[in-house]
Amino acid sequence: MSEKNWIEVGSTDSIEEEDLIRFDHQDKTFCVYKLTDGFYATDGICTHEAVHLEDGLVMDDEIECPMHQGIFNIKSGEALSPPACEDLKTYPVKVDNDKIFIKID
Amino acid sequence: MKKNIIILGGGQAGIYAAREIRKNDTESNIKILGEENLLPYERPPLSKDFLLDKKNEQDLYFHSSEVLKNENIDFENILITKVDFEHKKLFSKNEDVYTYDTLLISTGSDNKRLSLDNNLNDDVYYLRNLEEAKTIKEKVLNKNKITIIGGGFIGLEIASSLSQLQKKVTVIEISNQLMGRIIPKQIADLVQSTHIDHGNKIILNKQIDKITKKNDNFEILLNDNSLIETDFVIAGIGSTPSVKLFENTNLKLDNGIVTNQFCETSIKNVYAAGDVSNFYHPLYERNMRLESYQHAQNHGICAGKNIAGVKTEYTSIPWMWSDQFNLNLQLTGICDEYDEIIERGNDINKGVIYFFLKNNKIRGACGVGIIGKVGRDIRITSKLTEKDTIVDKQILSDQNLKLNKLIQK
Ligand SMILES: Cc1cc2nc3c(=O)[nH]c(=O)nc-3n(C[C@H](O)[C@H](O)[C@H](O)COP(=O)(O)OP(=O)(O)OC[C@H]3O[C@@H](n4cnc5c(N)ncnc54)[C@H](O)[C@@H]3O)c2cc1C
Ligand code: FES
C-alpha cells in the first residue's frame, strides 16, 4: 500500500465509542466510526437519497440513516434495510500514534 | 403441508409477505394478484423524486422479476371483483376463478374523491399510483398556476415538488392547520412557513364551493366568496381503506379490516396487512390503522411469518416520514394519548421535536428539521417507547444532551 493515500482524520479521542464523525477531504465526504473493536470508515452520503449519515444512529455494527431509516453494516457497507438497497462504500482505516488515518483510493 | 396461498393486492405489504412466506415455507404455491400491471413498487417517491425527475420508474421497484422467479413467487396482473369466503374463491370480472387455502388481503387504500356536481371529474387529478404520477408529471409541463385541494402530507409533498419545478402553487385546506390535528400545531406552522418562503400560497379554514371550467382553465369559488384562477387542479383529501370488495361479506370491517396482533381477520385462514388493516397493537392495547412505508413492510413480514406457521405478534412502533423542500418530518408512536408534552429545540436548522408522554413514558413524538436533523432522536424515541422506559425529562428537553443516554442497555 502506498503511503500517500493514507489521509489523517484526527486523534483517536475525537470520536466517542459507538459514534462517528464526519470527515471531508477535497470534494469527498466520509463518516469515520469508533466501534467497540476499532475504527471504520464509509462514504458519508446515504446511497438512497443524498443525505449525510453524520446525523445517523450508530448501534452495534450498524449505521442507520436519519432520513428514512435505511440501515448499513459499517464494516462491510452492506445495505441491510430498505429503503436503502445499494451498498455503502467502505475504506481501510489504521491508527498510528493515536491518530486515525483512512485510505482513500 | 403444501398450500395454495393467495395474496390479494400487489403492493408493499403483499411483496414483503410473499418473500417472508417463502423464507419459511419452500413448498406452498404463492401467488400475488395485483390490479396494477406492474411489479410491487415504492409509492413515497411518486409525490417527490419521481415528479422531480430525480427517480425514474425503474428506481421504484422493490425487486426485479428475477428475484420473484428465483423464489418461485407468482405475480398475476388481475383485478379481483368478487370474493366468496365460504368456498375460498376469488373471481375476476371475466369470471376467472382463484381458489386458496390461505388468503392475505393487502389491497391498500383508495383516495377520497371530491363530490363535484358538474362534469369535472376528469379535470381533477389524484395521486396514489404510478400511472397517476406519470399523468400529473406530463400534464403540469405546460401549466403554470396549480391548485392543490387538501393540505395533508401527499398534497404538501406535491406542492413542494411542483414549486421546485417553478410552478405557482396554491394549497387550500379546510381546517385551521396543515397535516391534520395529529401533527402539533407548532410543527405544522413551521412547515407552512417553509412553503410560504418558497413562494407557495397556503389558504387555511376555507372550503371549495364550486369549481367552474373556463376554456382551458378553472375558477375555484371558496366559501368566503373569494375566487382562485388556476390552470390545473389536484386533490389530496385523504384516503380510505380499500375494502369495497368485502362490504357484503361476513369479514369484520371497522375503519379497514379488523385484525388481531397476528394479522388474523375474523375469518379463519384469512389475513390482512398494510394500509387496509385496522390492527390490534399489544403495546398500545388498542386497534389502529396506519398508512406508512415502514408499517406496510413490517406488517407484511409479520403476516408472512404467521401464514407460514411462525406465530409472531406485531409490536412494531409506528413510524412515518414526509419530505417537503429541504425539510424531513418524522412521526413515531401515537401522539393522541398523553398527559404531558415536552419540546426539544426551537430552531428548524437543528430540528424541533415534540414528545407526548403519559405517566412519564413516551407514547409518541413528532419532529421536523432540515433533512437529517431529527431522525436519530426520533429513532431513539421509538426504542424508548418500545422498552416502555421512564424518561428523564431534563434530557428530553435539552438539545445539548444526547438522547442515547436514555437507552438502558
Ligand atoms: C403518493 C404517496 C406518497 C407516500 N409517501 C410516503 C412517505 O413519504 N412516507 C411513508 O411512510 N409513507 C408514504 N406513503 C404511504 C405508503 O406508500 C403506503 O402506506 C404503502 O404503500 C401501503 O402499502 P400496502 O401494501 O398496504 O398498499 P399499496 O402499496 O397501496 O398496495 C395495494 C395494491 O393492491 C392493489 N389492489 C387493490 N384492490 C385490488 C383488487 N381488488 N384486485 C387486485 N389488486 C388490488 C392496488 O392496485 C395496489 O397495487 C405514500 C403513499 C402515497 C400514495
Ligand atoms: S436517504 Fe438514507 S434511507 Fe433514504
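This report describes the two chains of a predicted model, beginning with each chain as a whole and ending with individual residues.

## Chain A

Chain A contains eleven strands and zero helices. Read along the sequence, its pattern is therefore an unbroken run of β elements, β-β-β-β-β-β-β-β-β-β-β. The C-alpha trace spans about 40 × 25 × 20 Å along its principal axes. A compact globule of 105 residues would have a radius of gyration near 13 Å, and chain A agrees with this because its own value is 13 Å.

Of the 105 residues in chain A, 52% are buried. Contacts between residues at least 6 apart in sequence include 41% that join residues at least 24 apart. The accessible surface amounts to about 5,000 Å², and carbon and sulfur atoms account for 43% of that area. Chain A carries 9 positive and 24 negative charges, and the mean positions of the two sets are 10 Å apart.

## Chain B

Chain B has nine helices and 26 strands. Its C-alpha atoms fill a box of roughly 60 × 60 × 40 Å, taken along the principal axes. For 409 residues, the radius of gyration of a compact globule would be near 22 Å; chain B has 22 Å, so the two values agree.

Buried residues form 56% of the 409 residues in chain B. Among its contacts between residues at least 6 apart in sequence, 59% connect residues at least 24 apart. The accessible surface is about 18,600 Å², with 43% belonging to carbon and sulfur atoms. There are 53 positive and 55 negative side chains in chain B, and the centres of these two sets lie 3 Å apart.

## Two buried residues of chain B

B:Pro318 lies in the loop between helix H7 (293-307) and strand S22 (319-324). This residue counts as buried because its relative accessible area is 6%, which is under the 20% limit. Beyond its neighbours within four places in sequence, B:Pro318 is in contact with several residues, including B:His281, B:Tyr284, B:Met288 and B:Leu331. By C-alpha positions, B:Pro318 is 23 Å in space from B:Asp189, and 129 residues separate them in sequence.

B:Thr385 is located in helix H8 (residues 375-386) of chain B. With a relative accessible area of 9%, B:Thr385 is also buried. Its side chain reaches the backbone oxygen of B:Thr381 at 2.7 Å. Leaving aside neighbours within four places in sequence, B:Thr385 is in contact with B:Tyr284, B:Ile317, B:Ile362 and B:Arg363. B:Tyr284 thus appears in the contacts of both B:Pro318 and B:Thr385.

## Backbone features in loops

Most residues other than glycine have a negative phi, and most peptide bonds are trans. Against this background, three places in the model deserve attention. The peptide bond from A:Pro82 to A:Pro83 is cis, with omega near 5 degrees. A:Pro83 belongs to the loop between strand S8 (79-81) and strand S9 (90-91) of chain A.

A:Gln69 is not a glycine, yet its phi is positive, at about 60 degrees. It occupies the loop between strand S6 (62-64) and strand S7 (71-73) of chain A, and its relative accessible area of 12% makes it buried. B:Asn360 likewise has a positive phi, near 65 degrees. This residue is in the loop between strand S25 (352-358) and strand S26 (361-370) of chain B. B:Asn360 counts as partly exposed, at 34% relative accessibility, whereas A:Gln69 is buried.

Conventions. Residues numbered from 1 in each chain as written. Chains lettered and ligands numbered in written order. Predicted model: local features only at pLDDT ≥ 70, side-chain atom pairs only at ≥ 80, totals over all residues. Heavy atoms only, no water. Helix = DSSP H or I, 4+ residues; strand = E, 2+ residues; numbered from the N terminus. Buried < 20%, exposed > 50% of the residue type's maximum accessible area, 1.4 Å probe, protein only. Contact = heavy atoms within 4.5 Å. Rg over C-alpha atoms; globule rule 2.2 N^0.38 Å. Areas by Shrake-Rupley, 256 points an atom, 1.4 Å probe, with all protein chains shown as cover. Lys, Arg positive; Asp, Glu negative; His and termini not counted. Charge placed at Lys NZ, Arg CZ, Asp CG, Glu CD. Polar contact = N/O pair within 3.5 Å; in protein donor to acceptor, adjacent residues only side chain to side chain.
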